[in-house]
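Notebook open, coffee at hand. I wanted to look up how this chain is put together, helix by helix, and then check a couple of single residues.

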Amino acid sequence: MENSVQNGGMNKILLVVTLLLICFGVAEVYTASAPLAIANGQTAEFYMIKHFQKVIPGLFFIFVFSFVDYKHWRWLGRLAFGVGVVLTIAALVSGHGVKGASRWFLGIQPSEIMKLGMFVLLCEKLSLAGNNIKTLKCSVIQPAVPVGITAILLALQPNYSMMLIILIIVGCVMLTAGVNLKYMAYAVGAAIPVILVKLMTSPHSRARILAFFADEGEMAASSYQSEHALQALGNGGLFGTGFGQGVLKWGYLPEAHKDVVYSVIGEELGFVGTFTVLVLFTLLFAQGFKIAQHASTRFGKYLALAMTLSIFMNFAIHVCVSVDLGPTTGQPLPFISFGGTNLIYSSVAVGILLNISRPNSGRLIKEPYAGRSSLETSVFRNVELTRSGV
């Protein structure tokens with residue numbers, strides 16, 4: 001079947017939706033952060049300007065990586081993983097933590113770099129497995145090395161929400177690749193008790209989890225943000241209070257421009273605003289999954305799936321926290337929350353997706369033949385395994 005995405009060239013819908021979200025994000029960061037900036041003795045535009053300083057390199061990375069053939073990510077991924085691991089360790093050693101977590105070094109969150117490199121390494125290993133994908137080596141041992149290093153470093157920070165997000169994405173990609181379900185089940189069964197113990201022995205994460213399941217009025221300090229986020233959404237009604245006219249951001253929503261910016265959108269722009277955001281992200285994810293479906297190499301297929309899922313998971317968790325369907329995690333709303341390393345990561349991810357959607361990208365990638373018994377044939381049908389015809 002002829003590739004419908006590639007016949008149209010680079011995926012323009014994905015590009016336009018991303019640019020709309022980025023522009024919308026600049027405006028939302030301004031309105032959500034103005035009270036905090038004023039309270040700190042800064043101008044109302046202070047955080048918006050800092051955010052815009054991250055938007056510029058983000059746009060640059062979208063443009064550049066949309067032209068860089070994704071075959072080069074086989075070595076770029078190793079570089080990103082190595083740099084990310086070194087900088088993440090440096091953040092842990094430096095001891096400069098925020099809210100009890102050592103996640104920052106030299107003004108960046110290196111775990112985002114490590115996460116990108118880990119996804120690339122995972123996708124490469126799975127794409128090169130060929131007919132050996134069902135073996136213990138390809139199903140567990142090889143993926144366990146980069147994934148295990150990443151999970152351990154995130155647990156040490158600690159950053160359990162990102163660790164869980166990564167493990168879920170890894171599981172989805174591995175299932176799509178068709179790894180041996182028995183070996184994968186053993187690995188998951190061994191990991192779940194360890195994760196649960198870590199979550200419940202960490203005072204910070206335990207407080208948030210217990211606050212989420214507690215009755216109203218209990219654990220007030222830990223549920224403060226989620227309760228006010230839900231109240232902000234309720235205040236907005238159908239059309240909202242008007243842009244810049246929200247009330248809850250004035251001291252009632254900690255990190256309003258980061259952790260619960262979706263609630264600020266709901267209060268000021270109402271259901272119409274939040275629904276528009278949902279539509280834009282739905283379009284973005286639909287195009288990402290379409291690119292994965294029509295990718296002409298297994299590496300491109302798995303990489304596109306990982307990049308799309310990584311943005312989706314941040315989005316889903318941020319929205320769930322804002323509507324009180326999950327414990328507070330601090331996950332940003334991609335392209336809209338106050339920008340930092342996650343904005344750069346999301347921009348790089350979109351750049352990679354745009355390149356995979358190009359007609360001639362990845363044509364020199366050669367992969368071993370894989371029989372059509374893996375799950376990828378049921379998830380992504382009518383797809384050539386490689387451009388080379390192998």
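I started with contacts (heavy atoms within 4.5 Å). Of those in the protein chain with a separation of 6 or more, 76% are between residues 24 or more positions apart. Before going on, I noted that this is a predicted model, where local features need pLDDT of at least 70, side-chain atom pairs count only at pLDDT 80 or more, and totals for chains, interfaces and linings use all residues. I also noted that residues are numbered from 1 along each chain as its sequence is written, and that side-chain values use heavy atoms, with hydrogens and water left out.

**Entry: the elements.** I found 14 helices and 0 strands in the protein chain. Both kinds are DSSP runs numbered from the N terminus, helices being H or I with at least four residues and strands E with at least two. For burial I used relative accessible area: under 20% is buried, over 50% exposed, and in between partly exposed, with a 1.4 Å probe and protein chains only. On that scale, 52% of the 390 residues in the protein chain are buried.

**Entry: α2 and α3.** Two packed helices are described by the angle between their axes and the distance between the axes. The axes are lines fitted to C-alpha atoms, for helices over the stretch in contact, and the angles run from 0 to 180 degrees between N-to-C directions. Helix α2 covers residues 12-39 and helix α3 residues 46-67; I read an angle of about 165° for them, and axes 8 Å apart. The pair is therefore roughly antiparallel, a label for angles over 145 degrees (under 35 is roughly parallel, 65 to 115 roughly perpendicular, the rest oblique). Their crossing is right-handed, meaning that the near helix is turned clockwise from the far one by less than a right angle, while anticlockwise would be left-handed. Residues of α2 that meet α3 include L15, I22, V29 and L36, and those on the α3 side include F46, F52, V55 and I62. By class, this contact has 15 nonpolar, 4 polar and no charged residues. Here Ala, Val, Leu, Ile, Met, Phe, Trp, Tyr, Cys and Pro count as nonpolar, Asp, Glu, Lys and Arg as charged, and the others, Gly among them, as polar.

**Entry: α12 and its partner α11.** How far does α12 reach from its first C-alpha to its last? This helix, residues 298-322, spans 36 Å with 25 residues, close to the 36 Å expected at 1.5 Å a residue. The expected span is 1.5 Å times one less than the number of residues. Since 22 of its 25 residues are buried, α12 is largely enclosed by the rest of the structure. After α12 comes D324, with a positive phi near 60°. Helix α11 (residues 261-294) crosses α12 at roughly 165°, and their axes come within 10 Å. These two are therefore roughly antiparallel as well, and their crossing is left-handed. The contact has 16 nonpolar, 6 polar and 1 charged residues.

**Entry: two residues.** Is R74 buried or exposed? R74 sits in helix α4 (residues 73-94) and counts as buried because its relative accessibility is 16%. Beyond neighbours within four places in sequence, its contacts include E124, F299 and E367. I also looked up S346 in helix α13 (residues 341-356); at 1% relative accessibility, S346 counts as buried. Outside its neighbours within four places, S346 is in contact with I311, P334 and F335.
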